[in-house]
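Here are a few exercises to help you find your way around a new structure. Take them one at a time, and try each task before you read its solution.

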Amino acid sequence: MSRVIRIGTRKSALALAQTRSVVERCRAVSGEADIRYEIIEMSTAGDRIPDRPLYLFDGKGMFTSVFEEALAAGEIDAAVHSGKDMPGALPDGLIVSAALPRANPRDVLVTLPGRALQESSVIGTGSLRRQEQVTFYLGYAVKGIRGNVNTRLQKLRDGEVDGLILAAAGLERLCVMPESAAAWRQTLRSGLCGDGAFFFRELHEADFVPAPAQGIIAVESRRDSPFAELFAGINDKESMCSFLTERAFLSGVGAGCQQPVAAYSWCQNGTIRMRVQYWREGRLCTAFGAERMRDGERMAAGMAEKILAAAGQKDRTEGDGQ
């Protein structure tokens, strides 16, 4: 008799593409022909109220709580999330059992051919972090917009905004933007890429620090899941280390979609390095830290304490995070 893994996911094209990636990796590592995968599409609180700004939602987990309730009730065996949608803390009994290799973590400025940005241009994004970054680094006005990737691209076509800030990983997974940034960089030295419908400009993570866990597909399951071994087999160690470290910083500053927070880490030769940004009342504080991979979460907690203290003291603070 075949075993069935019920996997919960949001209904958007991006969410389904990410879920298919998880299923493909599970099939590749399991080698078991008796496992069947059932994808269960679900609507979240964030999906049901598409016009409300994310920072107006009460609490955290507007894109995850429905799956966590289903996991606790035994209605699904796993849930697939965009890492950046997950809150800093999980309910008792649930864990992030796998993190897939991180895709491109950067943000992208999307514009239309023949419509060069002007000083008066307006950039659309529903993220408070991106709104702060656009104002601080690019100097454009911003407009809060929501919706899935295709909905936001249509708003750009319709002229509601002059440009969009979107995650490179999502654009690549939906085949909207070429997956190889190097390939399209060769087209124009400016870093712009045209696919005929849109222009893409990749924004460097030194300034446009991504959201915590951006570009990471996370699998959430029960701690006692009978499929724990399978999920462990698809886990990427460095991606998981970054996921846990960046979410620890998010938890440490007590932030969710209601506050502009950025954190990006990368692992190399057993060391994890992380750059963070935190805005409070229009003040930007930044910090950088480096530590052994096994101590990443401890480093993140210390960085959160320091940046919270700095946020109330100086307009812009640089720290070593250690």
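**Exercise 1.** Decide whether T111 is buried or exposed, then describe its surroundings.

*Solution.* Step one: T111 has a relative accessible area of 10%, so it is buried (buried means under 20% relative accessible area, exposed over 50%, partly exposed in between, with a 1.4 Å probe and protein chains only). Step two: T111 belongs to strand β5, residues 107–111 (helices, H or I with at least four residues, and strands, E with at least two, are DSSP runs numbered from the N terminus). Step three: apart from neighbours within four places in sequence, T111 is in contact with L117, L156, D162, G163, F198 and F199, where contact means heavy atoms within 4.5 Å.

A note before going on: this is a predicted model, in which local features need pLDDT of at least 70, side-chain atom pairs count only at pLDDT 80 or more, and totals for chains, interfaces and linings use all residues. Residues are numbered from 1 along each chain as its sequence is written, and side-chain values use heavy atoms, leaving out hydrogens and water.

**Exercise 2.** Describe the protein chain as a whole.

*Solution.* Start with secondary structure: there are 10 helices and 15 strands. Next, burial: 51% of the 322 residues count as buried. Finally, among contacts with a separation of 6 or more, 69% are between residues 24 or more positions apart.

**Exercise 3.** Work out which parts of the chain the salt bridges R10–D85 and D107–R130 link.

*Solution.* Side chains of opposite charge can pair when their charged atoms come close. The structure holds 14 salt bridges (a side-chain nitrogen of Lys or Arg within 4 Å of a carboxyl oxygen of Asp or Glu). First, R10 and D85 meet at 3.3 Å, N to O. R10 sits in the loop between β1 (3–9) and α1 (13–30), and D85 in the loop between β3 (78–82) and β4 (94–99), 75 residues apart. D85 counts as buried, at 18% relative accessibility.

Second, D107 and R130 meet at 2.8 Å, N to O. Because D107 lies in strand β5 and R130 in helix α4 (residues 128–138), this pair ties together parts 23 residues apart in sequence. Both D107 and R130 are buried.

**Exercise 4.** Compare the burial of D295 with that of R298, and find their network.

*Solution.* The side chains of D295 and R298 form a salt bridge at 3.8 Å, N to O. D295 is buried at 13% relative accessibility, whereas R298 is exposed at 52%. Salt bridges with shared partners join E291, R292, D295 and R298 into one network.
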